[in-house]
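Reader: I am new to this structure and would like to look closely at a single part of it, rather than at everything at once. Please choose one place, and take me through what surrounds it step by step.

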Amino acid sequence: GGRCIYVKTLHVDETMRGRTFIAEFEGVYMNAMVYINGALAAKRPYGYSGFLVSLGEHLRYGADNEIRVFARAGAMPNCRWYSGAGIYRDVYLHEAGSVYICPNALRVRTLNADNEVAALLVEAELSNRSAATAHLILQTEIFSPDGQCVANGRVPVALFPQEQRVVPQRLHIHGPQLWGENTPQMYTIHASLLSDDDRTTPLDIARDSFGIRDLRLDSRY
């Protein structure tokens, strides 16, 4: 039990005005409250799930900013198991422009897979915080465990002002290396968000790793 207080000073230059800042807390036990320059920015009662905090509207540019995190583990009885208290996992600061791929929002799902081909559903959640419609290209590349590009695709996206949307894409991998307990083969996915006017310099990039396997439940066995 107990009460924990964490204080972090973050200087944000005036040139960073208009950019996106998101703090990611992987775990705070429990009843977490996050204040930025004295204003309540987020709270998370549950202590075993991560959460994101948007900092932009509370920041002062060209000055120091105080981020203060409170955690109250003794506010209610909790003795199912000992978990400690306070910030017990990493904290990250994500920075992007006004159009970006949302943190932890790049997902890959295996639709079906065998030794010949794997069909994958890739979903990327995009956000447009600007006041204008963003005409974008979502470029996706998948690399095999040995670093070879085995699938890629491009999807045009029109994202309206203040819109946040999941963009799906289907990709196929021929001769996939299937994940198993004895052969834990891992693929890597790279997603790049490009402007339709400039397809060379990414607005944002997201990466993740995944395995390909097909699980089935059948009452006959």
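Author: A strand, in the sense used here, is a DSSP run of E of at least two residues, and strands are numbered from the N terminus. With that in hand, and keeping in mind that this is a predicted model, we can start from N31, which is found in the loop between β3 (28-29) and β4 (32-36). Although N31 belongs to a loop, the relative accessible area of this residue is 10%, and because buried means under 20%, N31 counts as buried. Its side chain reaches the backbone oxygen of R72 at a distance of 3.1 Å, and R72 leads us from the loop into a sheet, since R72 lies in β7 and is the bridge partner there of R3.

The sheet to which β7 belongs is an open one, formed by four strands in the order β1-β7-β4-β5, with antiparallel pairing. At its edges stand β1 (3-12) and β5 (39-44), each of which has a single partner strand, so that one side of each is left without a neighbour in the sheet. Between neighbouring strands of this sheet the turn is 20° on average, if direction is ignored.

It is worth following β7 along both of its pairings. On one side, β7, which covers residues 63-72, pairs with β1 in the antiparallel sense over 10 bridges. The pair of R3 and R72 has already been named, and another partnership between these two strands is that of V12 with A63 in β7. On the other side, β7 pairs with β4, again in the antiparallel sense, over four bridges, and here M33 stands opposite F70 in β7. The picture around N31 is therefore of a buried residue in the loop that comes before β4, with a side chain that reaches the backbone of R72, a residue of the strand that β4 itself pairs with.

For orientation beyond this part, the model also holds an open sheet of four strands in the order β13-β12-β15-β16, likewise with antiparallel pairing. Its edge strands are β13 (149-159) and β16 (204-210), each pairing on one side only, while the twist from one strand to the next averages 15°. Within that sheet, eight bridges join β12 (residues 134-143) to β15 (residues 187-195), and I137 has L194 as its bridge partner in β15.

Note on methods:
Residues are numbered from 1 along each chain as its sequence is written. This is a predicted model: local features need pLDDT of at least 70, side-chain atom pairs count only at pLDDT 80 or more; totals for chains, interfaces and linings use all residues. Side-chain values use heavy atoms; hydrogens and water are left out. Two strands pair if DSSP finds at least two bridges between them. Axes are lines fitted to C-alpha atoms, for helices over the stretch in contact, and angles run from 0 to 180 degrees between N-to-C directions. Buried means under 20% relative accessible area, exposed over 50%, partly exposed in between (1.4 Å probe, protein chains only). A polar contact is a pair of N or O atoms within 3.5 Å; within protein, one must be able to donate a hydrogen and the other to accept it, and residues adjacent in sequence count only if both atoms are side-chain atoms.
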